[in-house]
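Let's take a walk through this one together. Keep the viewer open and follow along as we go.

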Amino acid sequence: MHLIKFDFNFQEKLPFDYNLESVIDDWILMGFLIGNDFIPHLPHVHIHEDALPLLYATYNEVLPQLDGYINEAGVLNLKRFQIFLKNFAKNDKKNFLEQMDDEAYLSSKRTSNAWKKDAFTSNNDEQSFNEDLEVFDLSNDETNKVTDIGITKGAFDSDSNASDECEEITDQRTLTSTKAVSRKFSNTYEYVRAKKKKVSPCYLIKFCYGYFGLDKDSDDDLPVASLDDESYENDCDLSWTAVVNKAFKNHKRDYYNDKMKYNNISKEELREQAEGYIRAIQWNLHYYYHGCCSWSWFYPHHYAPYISDVSDFAEMEMNFDLNEPFKPFEQLLAVLPAASADCLPPPYRELMNDPKSPIIDFYPEQFDTDLNGKKNDWEAVILIPFINEDRLLQAVAVKDSLLTDEERQRNMHGPHLLFSYDPSSSHILKSTFPGIFPDIQDCAVKIEKIEMNQFRIPRNRIVHGLLPGVKLDVVFPGFPTLKRIPHIAELLFADIKLFQQPSKNQSMILKIGNRPELEKDIMEIASDLIGKEVHVNWPMLQAALVQELWTAHEKYSKAADEKIICNALSEQEQNMYKTYVNITRRNEFERRGIDAGQQKGLALVRLAHGLRKYFEEQKVLIKRFYADINNTIPVSLSLLVQNALEDWDSKCALEDLYPINAKVFISSVESKYYGFSGFIKENHLMTKGTLTVSCKLSPVADLNFCDIVADYDNYALKWYTAYELAKFLHTSVDVINRITGCVYVLLDESNVIPSKNTPLKANIGLELKFTKRNQIIPDFTCRSSEGHLLYSSKAFDIIRNYKMKYGKH
């Protein structure tokens, strides 16, 4: 919510009341335009091409012109959404101009090289070159397309007004630009070559407007006004002439032809596209706000229409038929590929695999994919046919009689099942997979059936926004909060790393403001922080204990008598401080976009690993467990949060903390039940200060842990660096780092029996770490305070055995 406030800054401009919940609703709506599971993205609307900033900029501009919000708690205000899309449609022009500019640039380079070459080529060479050039006749290009297709009166034909921007251009501007070009290039070899070369109209217009400074609206040979590069880049309308517009119409006609197979899309078909897309947006809103409004609806295209073609829908009717959902097996038939036919009963598998199946065309073995502007293969459009519901149900009906009783039972819509813990309902739960999973001898879970439509809540009963009494200023693990630390936000090109790569786009940078509590003398700051609990990793907030404070030349710590002492850093520690500074820079700025500014020093903190609640002197106390003293991490002083309220700090009765039948663990090392679980049978904390716990003890677990705890260091794991392991094992550090991760090798296909389930590669690594995911395996690998990977004595044994077994191969 805080970042939304930074993105949208129109509070004082709105002619109606500002409501953050409504802004969030509109923000969700805008996210649909870049595509989701149910609807494709609009053309050229990609996150990696700055679609989100463009959407937000349009919203900032349009909302103050409206009379209310666009997404009204899941119901689309068509009139306001139409105004928003009309403004956002400028993106269509911008992208087309950029595409034409790219083509024009490449074209100009090829043409320039050809002219240079012509000075040294014969007439035959020139003739050969000209044969490769296509004539670009602006006056006839559109007519030729219509004639070739054999269809007239298309949505983008000259006498059609399907696209608003097409009719805003006058013929006079076209004549002016053409006349200007012809005047400047008449009877010159350069102009002839430019006419013969199929360059983009954008190149011609920019060439005459930008390079020669011709005024769009003037017929003068040498106009005073000029169109500089900046104006051209930032204002599409200045460059949008009838010439460009005609090419744009042809481009959109080609889009609907290539992507949606309309030979020459008509005005009626284009309107169907527009209304179908708006209907899809409304279905999505209902789905996420109110529940599924139609089980039979789906968006029947792999691609979305151009934004500029989604218009005049403010008065359209928006009704949906609820219908019935598919049964479970029918749903699987509708979404699974033939390779997953084993997930279905045998009679249904035939529908996916049998060449004579009436719906075999739903499951093509070969199909095309289209990146459609995306970067990764997994983002591509999968060009497979859409499921025809009637045909699928007819095919299924023929097979229904072949199902077993158990399969029919699984293929029914039944009630919801609510599982809850209930020790009084203890019973034996028979395994549904005997031989694979054992019976549960003491199952203390009860099952309650809830009617299938119980959660279909009427719209007027749905509570939108924050519920009454919600706490926003407390720490919830896993949920961020931008409270507690003063800051401002700014969009900057800062090379923030995403997926180990610096971002090429702007990022929201949070700049930390002045904190008066840190403007004191460093000794006072040390006294306030060292040995105290704080929260770090803002804005996610994780509890930690401050161990020491370091500056460039000194370190502050707590002595045995609890006094704060200051010692000078040794030369090695000064180098370590520089390393700490780099670590904080990498973690705070390069990864999270937080600019902490200049720091007086750094805090070395021990992260909290857990907590324990216990009863003492009629009070409930909470004890934290922190990382080892040798595993501190550096944090900028300005990013420490003090006195944060955590949700579990709220006071509650002892009966609530230790309810009857609650599961507990015995943590007293003096007890023979140490480490075992039990259940509270009686609670006498208020009267006797005791709990009666029922605990089952395994016969082989009668151990005394006191000696182990007393000699913990002897039993604890030893940790080594990769360099130390390599030295012990007489190998290289690279081998250690490589073999302890994932190492994939290709299998010899001649020795592998062909099968869909047989992989063609195998992992021969030990998988003791996953570097790219920054994950370790507890007890085998860990990170040092400096971020270096360490290996335990257990890992050492595994690596040594691996070398002994395979080292000679």
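**A guided tour**

Start at strand β23, which pairs with strand β24 (residues 677–684) in the antiparallel sense, with three bridges between them. To find that pairing in the viewer, look for Phe665, which sits opposite Ser677 in β24. One thing to keep in mind while you look: this is a predicted model.

Now carry on to the other partner of β24. Six bridges join β24 to β25, and these two strands also run antiparallel. Here you can use Phe679 as a marker, since its bridge partner in β25 is Ser694. The two strands make a hairpin with five residues between them, and in that turn Gly689 has a positive phi of about 75°. Put the pieces together and you get an open sheet of three strands in the order β23-β24-β25, paired antiparallel. Why do two of these strands have a side without a neighbour in the sheet? β23 (663–665) and β25 (690–695) are at the edges and have a single partner strand each, so one side of each is left open in the sheet. From one strand to the next, the twist averages 55°.

There's another sheet to visit further along. It is open too, with three strands in the order β26-β32-β31 and antiparallel pairing. β26 (719–721) and β31 (781–783) are its edge strands, each pairing on one side only. Ignoring direction, neighbouring strands here are turned by 40° against each other on average. β31 pairs with β32 (residues 789–792) in the antiparallel sense over three bridges, and one spot to check is Thr781, whose bridge partner in β32 is Tyr791. Two helices come into this picture. Helix α27 (residues 793–806) packs on the sheet, where it touches β26 and β32, and its direction makes about 80° with that of β32. Helix α25 (residues 722–729) lies across β26 and β32 as well, running at about 90° to β26.

Next, let's go to the nonpolar interior. The largest nonpolar core has 47 residues, and the members that touch the most others are Tyr59, Phe81, Phe84, Tyr277, Ile278 and Ile281. Helices α2 (20–32), α3 (51–62), α4 (78–88) and α15 (267–289) each supply at least two residues of this core. Of the contributors, α15 gives the most, with eight residues. Take Ile281 as an example: leaving out residues up to four places away in sequence, Ile281 touches Leu29, Phe32, Leu33, Ile39, Leu76 and Phe81. A second, separate core has 30 residues, including Leu510, Tyr556, Val635 and Leu640.

While you're around the first core, have a look at α3. This helix has twelve residues and reaches 16 Å from its first C-alpha to its last, close to the 16 Å expected at 1.5 Å a residue. Its buried residues are Ala51, Leu55, Tyr56, Thr58, Tyr59, Asn60 and Val62.

Ala280 is worth a stop as well, and you'll find it in helix α15. Is Ala280 buried or exposed? Its relative accessibility is 0%, so Ala280 counts as buried. Leaving aside neighbours within four places in sequence, Ala280 is in contact with Ile39, Trp297 and Tyr299. Pro300 is 20 residues away along the chain, and its C-alpha is separated from that of Ala280 by 9.8 Å.

You can do the same exercise with Tyr577, located in helix α21 (residues 571–590). Tyr577 has 10% relative accessibility and therefore counts as buried. Neighbours within four places aside, its contacts are Trp550, Thr551, Ala552, Leu569, Gly601 and Leu602. The C-alpha atoms of Tyr577 and Pro634 are separated by 9.2 Å, with the two residues 57 apart along the chain.

Finally, zoom out to the whole chain. Its secondary structure comes to 27 helices and 32 strands, and 36% of its 809 residues count as buried. Among contacts between residues at least 6 apart in sequence, 65% join residues at least 24 apart. As for confidence, the chain averages a pLDDT of 81, and 80% of the residues score at least 70. Over residues 125–147 the pLDDT is below 50, although this stretch has 36 contacts in the model beyond near neighbours in sequence. Residues 160–204 also have a pLDDT below 50, with 100 such contacts in the model. Where pLDDT is low, predicted coordinates shouldn't be read in detail.

Terms used:
Residues numbered from 1 in each chain as written. Predicted model: local features only at pLDDT ≥ 70, side-chain atom pairs only at ≥ 80, totals over all residues. Heavy atoms only, no water. Core = buried A, V, L, I, M, F, W, Y, C linked by side-chain atoms within 4.5 Å. Buried < 20%, exposed > 50% of the residue type's maximum accessible area, 1.4 Å probe, protein only. Helix = DSSP H or I, 4+ residues; strand = E, 2+ residues; numbered from the N terminus. Contact = heavy atoms within 4.5 Å. Pairing = 2+ DSSP bridges. Axes fitted to C-alpha atoms, helices over the stretch in contact; angles between N-to-C directions. Expected span 1.5 Å × (residues − 1). pLDDT = per-residue confidence, 0-100.
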